[in-house]
Amino acid sequence: MKGKALTVLLAATVVLFVAGREPARGRPSANDGPAPGTAVVKGIAKFEGSRPAPTHINMNADPSCAKLHPGGLVSEDVLASPEGGLQNVVVFVSEGLGDRTFDPPPQPVTMEQKGCVYAPHIVSLRANQELDIVNNDATTHNIHPAPSNNREWNKAQAPGTRVDATFAREEIAIPLKCNIHPWMRSYIAVFKHPFFAVTDKAGNFELKNLPPGDYTIEAWHEKLGKSIQKISVSAGGTKELEFVFKSTAGH
Amino acid sequence: MHSRKSILWMFLAAALLALPSSAMAQKVEGHVGKLNGHVDAGKQLYFRYCWGCHGFRGDGNGENAPYLNILPRNFVSATFKCRSTPTGTLPTDEDVFNAITRGFYTTYMPSWTALTHQQRADLVVFIKTLSTRWTKEKAGEPVKVPAEPALTTDGIKRGKELFAKLECWKCHGQEGRGDGPSAATLTDSNDQPIRPYNFAAGTRFKCGETNQDLYKIFMTGLDGTPMPSYGEQIKPEEAWDLVHYLRTLQVTHNSAELALWQGTKEGAEIVKAAKITGTPTGSGIKQ
């Protein structure tokens, strides 16, 4: 009995000793703030395969919207550059930050409704960071997020007015719609940390100031699903990644 | 020996923590007026009367749910249509109690006046154990409904202008028939088609009968449906003008508002045009 207890005690001491040595080896710990050197993760999201035919948006329900798009409008579901770069992919750290916590920045993120379309199409922000929703149209909209990990609400917004909102919990991504104008659909990606980006027109993204460590990087697209890669970055290093999304057309 | 005893205590503590449902049930309370709801009694009632539609876990996936084309409420997501509280917040205990009492017109949810007040209060508390939202959040602060001002023709006219300005007609239609340009595309939060309220048909409102209830419907929104909250867009006095105008759209439902409106030249013409007369089959419709 006594021997067994001693073995357990010994094992515990060894574990504590090893754990205690971790920071000395240069590994960042949750408590001692940002490491002196940080890493950059950048790269591109690409689209492969046959492109889906662009979906034309029917704005007949509201002539005040339709007249702002005399040439017609196509949906922003899948936007790929001629070189294959995929726009509107949310790239972020999904695992590896441990129990670090980050305060949301005080400045708000703005989303505009103009021409009965959301801009930007993908809003990314931090949990509890303010989102200013602006209505620059001549028509009333309603702001209706459909979250699964945050509160659902639905507010009318008259022309020229603002709606301020915050989302308390991480969620990638909350569908947002306007019921009055059914073609209006966008996504709000909410993060508990600052390591996320939305790909630009060429499909490029960059995550800066990442503490050295092992991470899972996830790329999420509203129609094409998600893709993950496991990486390891060191202080001052730059890691290049490529995420490839295949066409789901014909499936 | 000492360590063995403490390990035993740890196991006991862990076992206690592993009983979330009963532990949560203890934390949730419900009070309706002077009535105190009792979880255990509510649970018995729920598994007798409610779970067939609302489901074993309260997620709205009961045995009968596949046959219902307006899905039963999902108590796990805890999004409620009829509230006195702002959009996005939890309803008050009275709101849930009133919903059970009233039932939901145009859905399969009957009025449960056959249950006693105490039984309905018991159900309110049990429903609150089905979602963790009730332990993490408090009910919203009820929207203040100021005293109803005197009914005037000018008020109705101002309400009519608001109906146009706020574009209520986009869904509800110019005459309030639920046939606006966006009506056909509407879906609820379960992606099920949903119709905007048809005022001209004169049926009951989902969330109560009185002018105060009507006031609350558009000032809080019907969460889970396309009907948004206008609470940040309309001032209280404007809201009352809108209530008075909306009553005049109920052309088959006698009200003081309709009588006054019909007494004016403008109102009489509008109401006459809105009243479609004809046979039930629709033949020989005259306007």
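How many residue pairs are in polar contact across the interface of chain A and chain B? Keep that question in mind as you load the structure, which is a predicted model, and begin the tour where the two chains meet.

**Stop 1: the interface**

Select chain A and chain B together and look at the region where they touch, to which chain A contributes 23 residues and chain B contributes 30 residues. Across this interface there are 18 residue pairs in polar contact, counting pairs in which both residues have a pLDDT of 80 or more. On the side of chain A that touches chain B, the elements giving two or more residues are strand 7 (141-145) and strand 8 (155-157) of chain A, and strand 8 of chain A gives the most, with three residues. The area buried between chain A and chain B comes to about 2100 Å², and carbon and sulfur atoms give 47% of that area.

Three salt bridges are also found across the interface of chain A and chain B. To see one of them, select K155(A) and E232(B), which form a salt bridge whose closest N and O atoms are 2.8 Å apart.

**Stop 2: Q233(B)**

Now select Q233(B), which you will find in the loop between helix 9 and helix 10 (236-249) of chain B. Is Q233(B) buried or exposed? With a relative accessible area of 16%, Q233(B) is buried, because buried here means under 20% relative accessible area. If you show the side chain of Q233(B), you can follow it to the backbone oxygen of A156(A), which it reaches at 3.0 Å. Setting aside neighbours within four places in sequence, the residues in contact with Q233(B) are A156(A), Q157(A), A158(A) and T161(A), together with E238(B) from its own chain.

**Stop 3: an open sheet in chain A**

Move next to chain A and select strands 12, 2, 14 and 15, which in that order make up an open sheet of four strands with antiparallel pairing. Strand 12 (196-198) and strand 15 (225-233) of chain A stand at the edges, and each has a single partner strand, so one side of each is left without a neighbour in the sheet. As you turn the view, note that the twist from one strand to the next averages 25 degrees.

Strand 2 (residues 90-95) of chain A makes a good place to look at the pairing in detail. With strand 14 (residues 213-221) of chain A, strand 2 pairs in the antiparallel sense over five bridges, and within strand 14 you can find T216(A) standing opposite E95(A). With strand 12 of chain A, strand 2 pairs in the antiparallel sense over three bridges, and here F92(A) has F196(A) as its bridge partner.

**Stop 4: two cis peptide bonds in chain A**

Staying in chain A, select A119(A) and P120(A), which are joined by a cis peptide bond with omega of about -5 degrees. P120(A) itself lies in the loop between strand 4 (117-119) and strand 5 (122-126) of chain A. Then select I172(A) and A173(A), where the peptide bond from the former to the latter is also cis, with omega near 0 degrees; A173(A) belongs to strand 10 (residues 171-177) of chain A.

**Stop 5: helix 4 of chain B**

Cross to chain B and select helix 4 (residues 93-102), which is mostly covered, since seven of its ten residues are buried. Which residues of helix 4 of chain B are buried? They are D93(B), D95(B), V96(B), F97(B), A99(B), I100(B) and T101(B). To see part of what covers them, add strand 1 (31-32), helix 5 (117-128) and helix 6 (133-136) of chain B to your selection. Just after helix 4 of chain B comes G103(B), which has a positive phi, near 75 degrees.

**Stop 6: two more positive phi angles**

Two further residues of chain B are worth selecting in turn. A78(B), in the loop between helix 3 (39-54) and helix 4 of chain B, has a positive phi of about 55 degrees although it is not a glycine; at 1% relative accessibility, A78(B) counts as buried. D191(B), in the loop between helix 8 (169-172) and helix 9 (211-220) of chain B, is likewise not a glycine and has a positive phi of about 60 degrees. D191(B) is exposed, with a relative accessible area of 58%.

How values were computed. Residues are numbered from 1 along each chain as its sequence is written. Chains are lettered from A and ligands numbered from 1 in the order in which they are written. This is a predicted model: local features need pLDDT of at least 70, side-chain atom pairs count only at pLDDT 80 or more; totals for chains, interfaces and linings use all residues. Side-chain values use heavy atoms; hydrogens and water are left out. Buried means under 20% relative accessible area, exposed over 50%, partly exposed in between (1.4 Å probe, protein chains only). Contact means heavy atoms within 4.5 Å. Two strands pair if DSSP finds at least two bridges between them. Axes are lines fitted to C-alpha atoms, for helices over the stretch in contact, and angles run from 0 to 180 degrees between N-to-C directions. Buried area is the accessible area (1.4 Å probe) that two parts lose on being put together, summed over both. A salt bridge is a side-chain nitrogen of Lys or Arg within 4 Å of a carboxyl oxygen of Asp or Glu. A polar contact is a pair of N or O atoms within 3.5 Å; within protein, one must be able to donate a hydrogen and the other to accept it, and residues adjacent in sequence count only if both atoms are side-chain atoms.
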